[in-house]
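Grab a pencil and work through two short exercises on helix packing and strand pairing. Try each task before you read its solution.

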Amino acid sequence: MSEFQLTMPKMGESVIEATILTWNKKVGETIHENEILLEVATDKVDSEVPSPVTGVLKEILFNENDVVAVDQVIAIIETDGDVSVKNIPQESATIQKETKPEEEEEEEEEEKPIQEIEEREEIEEIPTATESVPFVPVVENKKEPIQEPITTTSSNRFYSPLVLNIAKVEGISSNELDNIQGSGQEGRVTKEDILKYLEDRKSPKSSSSPQQETASTTNLPTKAATSSSKNQDEIIEMDRMRKLISKNMMHSLQTSAHVSSFIEVDMTPIVQWREKHKIAFKKREGYSLSYMPIFTEAIAKAIRDFPMINISVDGDKIIKKKNINIGIAAALPTGNLIVPVIKNADQMNLSGLASTIQELATKARANKLTATEIEGGTYTISNIGTFGNILGTPIIPQPQVAIMAVGAITKKPVVLETKEGDVIAIRHMMYLSHTYDHRVVDGALGGMFVKKVADYLENFDIHQEI
């Protein structure tokens with residue numbers, strides 16, 4: 001028998017830790033290679049971690065809801081025979097065979113504390129979530145297997161820490177929790193059970209018992225959504241993603257000197273071209289032809305003309321990016337935002353951009369984006385026109401130095417210059433808002449860049465096919 005140490009995998013660029021959401025196996029249970037062992041969450045995305053080997057789960061070193069550093073050992077898997085590291089799939093968590101006696105290993109742990117993980121963006125190559133990561137010594141107290149932690153309410157019914165945490169955040173009292181029908185082993189309430197209960201409770205048509213209604217409306221001391229009996233103000237606890245968005249936005253404002261430039265674009269030729277092709281395109285591809293591939297193509301071309309927009313800052317150093325990776329801000333069903341990234345966008349034609357954007361948008365709506373698909377962005381687009389907004393000043397996503405907001409396309413009377421003189425015509429107009437980091441991007445560069453994007457849009461080839 002051999003023992004292998006499963007470490008917390010690297011979930012993406014600049015990610016140094018992850019939160020364990022749930023263990024899918026208990027100590028003593030058999031786990032097969034590539035079978036999902038646990039689910040984890042980072043500040044970028046939630047991910048499933050498969051087992052790199054087949055064996056028996058001998059030890060679990062961290063509980064659900066624990067925050068664990070990348071590369072730190074989280075479990076011990078006992079296998080039959082030796083398994084070489086080179087045979088382990090790259091997308092799995094890294095593992096390493098134990099070769100030292102237990103006593104010797106524990107002594108080494110005391111002498112070698114886990115070092116802090118420092119992340120630095122590389123110019124030549126952007127690391128991905130599939131990279132191998134080095135081995136980190138096993139944490140202390142590994143002699144005693146950590147069973148799946150459970151606790152009870154006043155009714156002595158068992159609940160997992162994940163379920164109890166959801167109940168706490170959502171303001172579900174003990175009595176209310178005891179009334180939820182469980183679908184797990186021996187009637188235990190699972191994550192799916194409590195989430196479904198919350199969904200049904202929020203629905204106007206949902207019917208709940210008087211006891212449940214009383215518990216949900218009178219449980220004022222919790223941090224969940226409640227109402228004050230005095231002024232009826234609602235208190236809503238931020239979910240995990242909203243807290244991360246808040247933290248990242250404030251960090252960006254405290255880091256970058258935000259300045260914005262604006263320009264108005266005549267989109268009439270593009271609107272007419274899209275009207276001409278959208279029916280045939282949807283019939284052929286199965287999805288609608290949007291303006292986003294056209295915006296992305298124009299911005300990618302402008303970045304090639306002005307490569308100093310495609311940079312990041314590291315202290316007093318400017319890192320000029322080799323690849324043009326354009327992120328597109330997408331709204332999730334929860335109302336939160338996520339930014340999937342189109343890698344090497346300047347190397348794609350309109351059809352390729354349309355296909356990639358559609359695939360990423362579909363994954364975003366289904367919460368299926370991987371860490372690789374949301375990392376490595378060098379420039380970002382925010383389509384505020386989707387919400388009917390004509391103008392906006394978005395916040396720069398770090399460590400990028402610029403972001404473009406595209407507004408709604410609206411019909412307006414515009415003065416046109418013709419050979420016969422000036423005329424007023426109805427045109428399809430749109431505003432571009434370019435926000436950039438004035439530490440490294442001056443007004444001249446920021447203004448010329450957004451003007452170049454406008455030029456590419458207004459000179460769009462209306463004779464091309466897609």
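**Exercise 1. Work out which residues of α8 and α10 meet, and how the two helices are oriented.**

Keep in mind that you're looking at a predicted model.

Step 1: list the contacts. On the α8 side you'll find Ile-294, Phe-295, Ala-298, Ile-299, Lys-301, Ala-302, Ile-303 and Asp-305, and they meet Phe-449, Lys-452, Val-453, Tyr-456 and Leu-457 of α10.

Step 2: sort them by character. The contact of α8 with α10 breaks down into ten nonpolar residues and three charged ones, with no polar residues.

Step 3: get the geometry. Two packed helices are described by the distance between their axes and the angle between them. Here, the axes of α8 (residues 292-305) and α10 (residues 443-458) come within 9 Å and cross at roughly 130°.

Step 4: name the arrangement. Angles from 65 to 115 degrees count as roughly perpendicular and those over 145 as roughly antiparallel; α8 and α10 are therefore oblique to each other. As for handedness, α8 passes α10 in a right-handed crossing.

**Exercise 2. Give the strand order of the four-stranded open sheet, then find the bridge partner of Glu-39 in β5.**

Step 1: write down the order. It's β5-β4-β2-β7, with antiparallel pairing.

Step 2: pick out the edges. β5 (46-50) and β7 (67-69) each pair on one side only, so they are the edge strands.

Step 3: check the twist. On average, neighbouring strands of this sheet are turned by 40° against each other, ignoring direction.

Step 4: zoom in on one pair. β4 (residues 36-41) pairs with β5 in the antiparallel sense over five bridges. The partner you want for Glu-39 in β5 is Glu-48.

Definitions and conventions:
Residues are numbered from 1 along each chain as its sequence is written. This is a predicted model: local features need pLDDT of at least 70, side-chain atom pairs count only at pLDDT 80 or more; totals for chains, interfaces and linings use all residues. Side-chain values use heavy atoms; hydrogens and water are left out. Axes are lines fitted to C-alpha atoms, for helices over the stretch in contact, and angles run from 0 to 180 degrees between N-to-C directions. Angles under 35 degrees count as roughly parallel, over 145 as roughly antiparallel, 65 to 115 as roughly perpendicular and the rest as oblique. A crossing is left-handed if the near helix is turned anticlockwise from the far one by less than a right angle, and right-handed if clockwise. Contact means heavy atoms within 4.5 Å. Ala, Val, Leu, Ile, Met, Phe, Trp, Tyr, Cys and Pro count as nonpolar, Asp, Glu, Lys and Arg as charged, and the others, Gly among them, as polar. Two strands pair if DSSP finds at least two bridges between them.
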